[in-house]
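Please open the model in your viewer and keep the sequence panel beside it. The tour below moves from one selection to the next and says what is to be found at each stop.

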Amino acid sequence: MEPKWANSICKRALLTGFTLCIVFVTKPSSAIDIYADPEVILQNGTAGTLRCTFKSSEVVSSSTSLTWSFQSSQPDNQFSKAPYVIFYFSNGKGFPGQDEFKDRVQFIGDINKRDVSIQLSPAQFSDNGTFFCDVKNPPDVTGTPARTELRVVLKESLPQSNTAVIVGAVCGALFLLVVVAVAACIVMRMLHNRHEYEGCTSLDSVSSQAPQPRKKVESSLEGSRCTSPSGPLQGPVIYAQLDHSGSKNSFHKMEPVVYADIRKN
């Protein structure tokens, strides 16, 4: 009994070791991340882009493959039961799928830049449904395909673009700024003209009032003249000196002496 028990233990040990060798030696497949727009709305009869990108830890090579599939949301459509391949890309070449999309699907991405987008032209109402984007980049082969819901509508049903709203708001703001600037210029010009007008009137008042001090000066002068001592003006005063000697010739000896007394006003 003991040899059989020892043999079973040895078999289990060998099996466990072999399993560990497989786990550590064999490289497990890595995951790949795929991204796409959740929803795309296109106008009927126009061209539209279905964007899809991926992230992979491995270098893109010729073995990298891309698959686009479509499943219609219309019950009476032939593609409503299961996803059908509409485009396949591998080894640097694209291969169209179903005839319904053969001439309307074009690869516009760059697989080296991890862009695998396609263009659908023209979009039709029969294209309403779900588009699947799946990428394999060995050894990154495990990943969930990205889904894009496509809605093909009339032009009247298209949602308003946010770009138009933003452009309108910017134009309105610029127009308002121009109006404010013009109003400010007008107000400043009016204030400037008013200031110049007030300056002129002040100068006129100063010039009209300037002679007044002169009047005061003249009045002061007149006052000074008036306050000067009044009285008759005296001219030159002549004094005669006579000889009282009693001689006969005294008259001839008389010498007139004139004294002038001129008084200034």
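What follows is a walk through a predicted model, beginning with the whole chain and then turning to individual residues and pairs.

**The whole chain**

Show the protein chain as a cartoon to begin with, where 4 helices and 15 strands can be traced. If you then colour by accessibility, 19% of the 265 residues count as buried, while the accessible surface of the chain comes to about 20000 Å², of which 60% belongs to carbon and sulfur atoms. Among the contacts with a separation of 6 or more, residues 24 or more positions apart account for 58%.

**Strand β6, from one end to the other**

Select residues 65-72, which make up strand β6, and show the side chains of Ser65 and Ser72. Ser65, which belongs to this strand, counts as buried at 10% relative accessibility. With its neighbours within four places in sequence left aside, Ser65 is in contact with Tyr88, Phe89 and Ser90, and also with Asp134, Val135 and Lys136.

Move along to Ser72, also in strand β6, which is buried because its relative accessible area is 7%, under the 20% cut-off. Its side chain reaches the backbone nitrogen of Gln74 at 3.1 Å. Beyond residues up to four places away in sequence, Ser72 touches Asn77, Phe79 and Ser80, together with Ser126, Asn128 and Gly129.

**Aromatic rings**

Now select the aromatic side chains, among which a search of the whole structure finds 9 pairs. Take Tyr88 and Phe95 together: their ring centres are 6.4 Å apart and their planes lie at 35°, so this pair is tilted. Tyr88 is partly exposed, with a relative accessible area of 33%, and Phe95 is likewise partly exposed, at 40%.

The next selection is Phe89 with Phe107, a stacked aromatic pair whose centres are 4.8 Å apart, with 20° between the planes. This pair links distant parts of the chain, since Phe89 sits in strand β7 (residues 84-90) and Phe107 in strand β9 (residues 105-107), 18 residues apart. Phe89 is buried, with a relative accessible area of 7%, and this residue is also one of the contacts of Ser65 visited above.

To finish with the rings, select Phe70, Phe79, Tyr84, Phe101 and Phe131, which form one aromatic cluster. Phe79 has already appeared on this tour, as a residue that Ser72 touches.

**Charged pairs**

Side chains of opposite charge can pair when their charged atoms come close. How many salt bridges does the structure hold? There are 4, and three selections will bring examples into view.

Begin with Glu39 and Arg151, whose side chains meet in a salt bridge with an N to O distance of 3.3 Å. Because Glu39 lies in strand β3 (residues 39-43) and Arg151 in strand β13 (residues 146-153), the pair ties together parts that are 112 residues apart in sequence. Glu39 counts as partly exposed at 44% relative accessibility, and Arg151 counts as partly exposed at 40%.

Next, select Asp127 and Arg104, which form a salt bridge with the closest N and O atoms 2.8 Å apart. Asp127 lies in the loop between β10 (118-120) and β11 (129-136), and Arg104 in the loop between α2 (99-102) and β9, so this pair ties together parts that are 23 residues apart in sequence. Are these two residues buried or exposed? Asp127 is buried, with a relative accessible area of 0%, and Arg104 counts as buried at 8% relative accessibility.

The remaining selection in this group is Glu149 with Arg147, a salt bridge in which the closest N and O atoms are 3.8 Å apart. Here Glu149 counts as partly exposed, at 32% relative accessibility.

**Helix α3 and a nonpolar patch**

For the last stop, select residues 162-209, which make up helix α3 and include Ile166. Ile166 is exposed because its relative accessible area is 54%, over the 50% cut-off. Adding Val170, Leu174 and Leu177 to the selection completes a nonpolar patch with Ile166 on the surface, and together these residues have about 400 Å² of accessible area.

How values were computed: Residues are numbered from 1 along each chain as its sequence is written. This is a predicted model: local features need pLDDT of at least 70, side-chain atom pairs count only at pLDDT 80 or more; totals for chains, interfaces and linings use all residues. Side-chain values use heavy atoms; hydrogens and water are left out. Helices (H or I, at least four residues) and strands (E, at least two) are DSSP runs, numbered from the N terminus. Buried means under 20% relative accessible area, exposed over 50%, partly exposed in between (1.4 Å probe, protein chains only). A polar contact is a pair of N or O atoms within 3.5 Å; within protein, one must be able to donate a hydrogen and the other to accept it, and residues adjacent in sequence count only if both atoms are side-chain atoms. Contact means heavy atoms within 4.5 Å. Patches are made of residues with over 30% relative accessible area and no salt bridge: like charges are joined within 9 Å, nonpolar side chains (Val, Leu, Ile, Met, Phe, Trp, Tyr) within 5 Å. Accessible areas come from the Shrake-Rupley method with a 1.4 Å probe; for residues, only the protein chains shown count as cover. Rings of Phe, Tyr and Trp (its six-membered ring) pair if their centres lie within 6.5 Å; planes under 30 degrees apart count as stacked, over 60 as edge-to-face and the rest as tilted.
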